[in-house]
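Here are a few notes to read alongside the structure. I have kept them as short numbered points.

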Amino acid sequence: MKRIVLTGFRGTGKTEIGKILSSRLNAAFIDTDELIETRTGRSIPDIFHYEGEERFRSIEREIIASLPEKDAIVSTGGGVVCDPKNMEHLRRESSVVLLVAGIDTIEQRLLRKPRPPLTGLPLHEEIAEMLDRRRQNYYASSDFCVDTSATSPPEAAEQIIALLQNGVPGKHQRTTALEFFKTGRLPPVPLKKLTDILTAPDGNLRTRIMGVAGYPCAHSRSPNLFNALFDYYQINYHYTLFEDPELEEIMDIARAIDAKGLSVTIPFKKDVIAYLDEIDEHAAQEIGAVNTVVFACGTAIGYNTDWLGVRKPLVLMKGARAVLLGAGGVAAGAAYALTDLGMEVTILNRTPQKAKILAERFGSMWGAWDEFDRIKPDLVVNATPLGMQPDTRNPLRADQLDKDMTVFDLVYTPPETPLIEAARAKGCTVITGIEMFIEQAREQFYLFFGIDVPAEKVRELVL
Ligand code: NAP
């Protein structure tokens with residue numbers, strides 16, 4: 001048996017349900033909080049009181065790292081999900097089940113069995129505050145989600161067993177999803193693999209599916225990268241292409257097969273927002289484009305990690321004079337990142353009216369393509385598809401480049417675009433689209449799984 005890990009806030013039933021699962025499945029039961037108390041000879045409130053939360057978290061991390069990897073039901077402390085190293089260990093060879101419950105239910109349970117406070121707030125507010133703070137991490141921890149508000153612990157345990165046997169909350173949905181993939185435009189190799197997974201009669205049903213939604217998206221490097229990361233971290237997922245001209249079809253199927261999440265690419269980054277329950281207020285609302293959808297516990301939440309992928313390689317260029325070429329979805333994220341770095345930004349676009357609309361949102365300047373020469377920028381960011389295979393056009397002429405410029409081409413197929421080649425030849429500092437790809441993919445992986453992949457690991461896998 002693979003390991004089953006239970007995550008969730010205090011009062012969601014992890015210990016009780018874990019014990020029932022342990023006897024139903026004839027597997028050892030491990031409660032990480034109990035292990036911490038046994039190993040230290042102190043109660044958890046005492047560790048917090050005398051040694052502080054940092055010390056507690058460090059002992060917890062050691063315990064999590066030393067857990068057996070097989071034949072066990074593991075119940076975890078409520079804050080365990082916030083540490084990416086813990087998630088790396090807990091996810092290995094495991095199915096992680098997130099237990100959730102409504103705030104009132106949790107409050108009632110905690111009133112019956114009090115635990116030490118986590119904040120100075122009244123109990124109801126504390127629960128709301130902590131759930132809100134940790135929600136992203138809880139959702140990232142979840143392979144499967146069970147709401148224990150209105151179920152007894154034995155019923156919840158049965159639900160978990162059924163879920164792990166069926167792979168989704170309904171018996172036949174995964175195989176009907178295949179019909180979509182068969183009529184879609186998937187290349188034959190991923191389809192064969194997907195068929196094997198979706199129709200597997202045994203434990204493979206636990207394999208969760210996710211992928212990139214776009215049209216076209218066969219050029220995407222995400223399937224290779226994500227599948228290699230799944231092997232590396234030993235997590236039971238398969239990443240494929242959701243390639244179809246109809247976004248509605250993609251979203252229906254993603255929900256029907258209980259997909260873990262989607263990376264979203266051309267042309268759906270704006271349209272996908274209409275299909276989501278929430279979008280992340282920090283970036284997606286400001287940018288108006290979503291490139292990451294996390295499905296968890298019946299909700300679909302949209303994020304934008306593109307802007308972080310643009311921002312990270314440019315952190316040393318704060319305050320620079322920048323020209324941004326393009327005014328589409330990725331350009332919106334780039335404009336947000338450049339503005340966030342305090343740059344003086346001018347957006348130039350083939351359709352100047354679109355540059356104007358984007359510039360007004362971020363307080364930037366704007367213009368038509370041919371205004372480039374008067375600006376003399378320190379930084380040029382290409383956010384158009386020009387130069388993306390099989391297109392070999394260069395958005396700028398060689399004589400428009402200057403050796404003091406930094407040129408960041410967001411196109412990453414091929415890594416050496418015509419613009420990058422011309423900029424190298426001129427002696428400019430160059431940043432390839434791979435750098436953006438690496439950073440936005442790391443952020444996505446964190447949102448999907450709560451694991452912090454080192455940049456070097458992603459680089460090794462994509463190059
Ligand atoms: P988009 O929303 O379709 O926007 C494309 C932009 O490029 C628009 O401003 C469009 O101008 C302009 N454009 C298109 N064709 C053009 C042409 N022939 N000449 C001049 N301008 C042209 O696309 P997007 O989602 O923003 O993606 C843009 C590029 O970013 C992609 O092609 C991809 O290579 C790159 N990208 C990189 C990463 C990474 O991780 N490195 C991730 C995602 C995307 P109009 O307004 O006039 O139509």
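1. Let's start with a backbone contact: a nitrogen atom of the ligand is 2.8 Å from a backbone N or O atom of Leu410. A polar contact here is a pair of N or O atoms within 3.5 Å. Two more involve ligand oxygen atoms, with a polar backbone atom of Ala327 at 2.7 Å and a backbone N or O atom of Gly328 at 3.4 Å. The protein buries 84% of the 940 Å² that the ligand exposes when taken alone (Shrake-Rupley method, 1.4 Å probe).

2. A word on the basis: this is a predicted model, where local features need pLDDT of at least 70 and side-chain atom pairs pLDDT 80 or more, while totals for chains, interfaces and linings use all residues. Residues are numbered from 1 along each chain as its sequence is written, and side-chain values use heavy atoms, leaving out hydrogens and water.

3. Who surrounds the ligand? There are 24 residues around it, and Ala327, Val330, Asn349, Thr351 and Leu410 come nearest (a residue is near if one of its heavy atoms lies within 4 Å). The shell divides into 12 nonpolar, eight polar and four charged residues, with Gly counted among the polar ones.

4. Helix 19 (433-449) and helix 15 (329-340) each supply at least two residues of that shell. Helix 19 gives the largest share, four residues. Helices are DSSP runs (H or I) of at least four residues, and strands (E) of at least two, numbered from the N terminus.

5. Finally, the structure has one disulfide (cysteine sulfur atoms within 2.5 Å). Cys145 and Cys297 form it, with sulfur atoms 2.2 Å apart. Cys145 is in strand 5 (residues 144-147) and Cys297 in the loop between strand 10 (292-296) and strand 11 (299-303), so the pair ties together parts 152 residues apart in sequence.

Key: Polar contact = N/O pair within 3.5 Å; in protein donor to acceptor, adjacent residues only side chain to side chain.
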